[in-house]
Amino acid sequence: MSKLEKRLRNLFSSPRKGETFELKSGLASNYAMERKESIRRVIAAMTVGKDVSSLFPDVLKNIATHDLEQKKLVYLYLMNYAKTNPELSILAVNTFVKDSEDPNPLVRALSIRTMGCIRVDKMVDYMATPLKKTLMDTNPYVRKTAAICVAKLFELHSDSCIEQGFLDRLVALIDDSNPMVVANAISSLVEISRFSNDSKVLNLSPVVLRKLLMTLNECTEWGRITILTCLADFESTNSEDAFHIMERCSPQLQHENPAVVLAAVKVIIKNIDQIEGEAKQVLLAKLSSPLVSLLSTPPEIQYVGLKNIKVILEKYPTILSRELRVFFCKYSDPLYLKLEKIEILIRLVNDSNATLLLSELKEYALEFDQQLVDRAIQAIGQISIKLPSISKKAVDILYDIVASRPEYVIDQAIVVLQEFLRRYPVEFTSSIIPIIADMSIQDFNNPRAISSYIWIIGEYTSKIPHLESKFQRVAETFLEADPSVQLVSLTTVCKCHLSKPTAQTQQVLQQVLEYATQKVDNSDVRDKAFIYWRLLSLEQEHIQKEVILTTLPKLDTIIPLFPTSVLNELVNEISMLSTVYERPGRDFVNTDDNNRYLNPNIQSRRIEELQLIAKQEIMDNTVKAEHLLDFDEDIEEDGLSGSNSIGINELNELNDLFSGFNVSPTPIE
């Protein structure tokens, strides 16, 4: 390629200058305000998810400043990339140590916090002396920040943390005069206790317990949550201690923060079983208003509150028995909130308010949201099975709903009617069978609805009109049906043949069995068909009827309940994600700490090696940033040497920056 062609291609190629170039120029500006504004733009880009790690050396050069706002922005940048690029942040370790002795307490706190965010094993050597000083700092803001840093240091290097006596210093901070320092010390000790699986790390002696109860009313809302969580884990030995803890925590039930309210509820529920008699009922009554107050919060918080209320109601079913109307759905509620409120309503219903709730559910069933309609009809069935006294009214309401809008409700209605007949197999056949008689298998779209319809036909063959035509349609659609429908169809056809044998039922039975054994791929359907075929080939009719015509047991309830062991675990984990997921924390929390850190391969490197790695990465990022829009090979070759010179200049500037802070690590004793 001639020189003229290269010049022409350079002339019409895309410009290399972009946002990254502008930020680099601004960060290296001679004017302080322009540098500060560029840092703000970097933080803004980082906040929206853009990768600005290539600007690390340029941002880092602005750390040595007396402007507190600029220093905060630089530390924010470092803390963000310390989690994913610890080898880069290690370059600033000397600056951190120097800032930990700054006269400004905010700078001291920021430096120790950032050092704790860098997950590098060698950082322990540099953290020892600054952390000791900040734990005994005269400013409470620095002490509370250092208390959290101890927990991070323990996760990074537990042996060094113990040898340096940081745990003892952390326990001593529980007796601090500042409530936030106490709360952070408790939070760190709880985290260390969980990390090390050692319950002796935080020993709640009577003196410590008294200090926590005294500090509770003086903390911020997050400090209160920490202390209440700690109190919930405390096992009281007698009823007097339990009552005293609950009395001191009761004022927190009136707090405006829902997290504080749920934490206080958890403390009371954990200790209430040690109280007997009228005092227990009084304490349970105190929980009613705080739980109801959760419904005055935004929808997302209401959802979390309802999930916790659901767990509490299974443990203490009568705690909100007088608050049924509070949980009625509002027109402005999102769908997920309406569905969760219905879950609470079916648990609060009793004989005195069942009629009111049925009327409310009928209104929900006339809505246009299909999920809400299905859930309302299902709730009507759950209530009618739970309370036999209102079962007749529930059947009448279902009949009215099906008659008014069959296309919306027929699938869910047939499922509810099937469950209804399992609970009341004789009492309401005269009301339900006429509804079924007017339906056909083509009316249903849901496999579960089709299965329920076919099951009812098989159970009440003597009362279903035009039975042969219905069974002929079952046989015609057998091959296209879902496996669950095929299984029910096999049983129903066999029942019909045994209870009402005719030439047509014999023909349908033969056809269905041939389909199931020869043309169906599902192994469960084939196996069941072979079992029935061999059973029907026997001449012992009483054995056939005993196996095929057996009656399913009556349903006591169709409201899903937690197993006792799971319920006890969920009660112990109130106000946590466990109650939202409705699963114990052990099911979804990874307890394997071997991969706790993002980059464990760098833990064993020496500090000098890490600095070399960081500098090389800076040069690579600098070259990449300069060639983001360069797609021409010749242009890349021409510009590569220039980019390398830029990277070398950046490296020299960094070496000049760090050369003034020659801080050696403190040896571990």
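Start by selecting Phe 420, Tyr 424 and Phe 428: together they make up one aromatic cluster. Keep in mind as you click around that this is a predicted model.

**More aromatic rings**

Searching the whole structure turns up nine aromatic pairs. Next, pick Phe 368 and Tyr 408. Their ring centres sit 6.4 Å apart with the planes at 80°, and since an angle over 60 degrees counts as edge-to-face, that is what this pair is. Now colour by secondary structure and see where the two partners come from. Phe 368 is in the loop between helix H22 (354–365) and helix H23 (370–386), while Tyr 408 belongs to helix H25 (residues 406–423), so the pair ties together parts that are 40 residues apart in sequence. Switch on a surface and check the two residues again: Phe 368 is exposed, at 64% relative accessible area, and Tyr 408 is partly exposed, at 28%.

For another pair, go to Phe 444 and Tyr 453. Here the centres are 5.1 Å apart and the planes meet at 40°, so this one is tilted. Are these two residues buried or exposed? Phe 444 is buried at 5% relative accessibility, and Tyr 453 is buried too, at 1%.

**Zoom out**

Time for the whole chain. Show it as a cartoon and you'll be looking at 36 helices and zero strands. The protein has 669 residues, and 50% of them count as buried. Its exposed area is about 32700 Å², with carbon and sulfur atoms supplying 51% of that. As for contacts with a separation of 6 or more, 68% are between residues 24 or more positions apart.

**A lysine in H29**

Select Lys 495, which you'll find in helix H29 (residues 483–499). Is this lysine buried or exposed? Lys 495 has a relative accessible area of 8%, which is under the 20% cut-off, so it counts as buried. What does its side chain reach? Show the side chain of Glu 459 as well: the side chains of Lys 495 and Glu 459 make a polar contact at 2.3 Å. To fill in the surroundings, leave out the neighbours within four places in sequence and display what remains in contact with Lys 495: Gly 458, Glu 459, Ile 548, Leu 549 and Thr 550.

**H29 against H31**

Stay with H29 and add helix H31 (residues 523–536). The two pack with their axes 9 Å apart, at an angle of about 10°. That angle is under 35 degrees, so H29 and H31 are roughly parallel to each other. Turn on side chains to view the interface. From H29, bring up Pro 483, Gln 486, Leu 487, Leu 490, Thr 491, Cys 494 and Leu 498; they meet Asp 524, Val 525, Lys 528, Ala 529, Tyr 532 and Leu 536 of H31.

**Last stop: Pro 299**

Finish at Pro 299, in helix H20 (residues 299–315). Pro 299 is partly exposed, with 29% relative accessible area. Which residues does Pro 299 touch, not counting residues up to four places away in sequence? Select Pro 334, Tyr 336 and Leu 337 to see them. If you draw a C-alpha to C-alpha distance from Pro 299 to Tyr 336, it should read 9.1 Å, for residues 37 apart in sequence.

Methods. Residues are numbered from 1 along each chain as its sequence is written. This is a predicted model: local features need pLDDT of at least 70, side-chain atom pairs count only at pLDDT 80 or more; totals for chains, interfaces and linings use all residues. Side-chain values use heavy atoms; hydrogens and water are left out. Rings of Phe, Tyr and Trp (its six-membered ring) pair if their centres lie within 6.5 Å; planes under 30 degrees apart count as stacked, over 60 as edge-to-face and the rest as tilted. Helices (H or I, at least four residues) and strands (E, at least two) are DSSP runs, numbered from the N terminus. Buried means under 20% relative accessible area, exposed over 50%, partly exposed in between (1.4 Å probe, protein chains only). Contact means heavy atoms within 4.5 Å. Accessible areas come from the Shrake-Rupley method with a 1.4 Å probe; for residues, only the protein chains shown count as cover. A polar contact is a pair of N or O atoms within 3.5 Å; within protein, one must be able to donate a hydrogen and the other to accept it, and residues adjacent in sequence count only if both atoms are side-chain atoms. Axes are lines fitted to C-alpha atoms, for helices over the stretch in contact, and angles run from 0 to 180 degrees between N-to-C directions. Angles under 35 degrees count as roughly parallel, over 145 as roughly antiparallel, 65 to 115 as roughly perpendicular and the rest as oblique.
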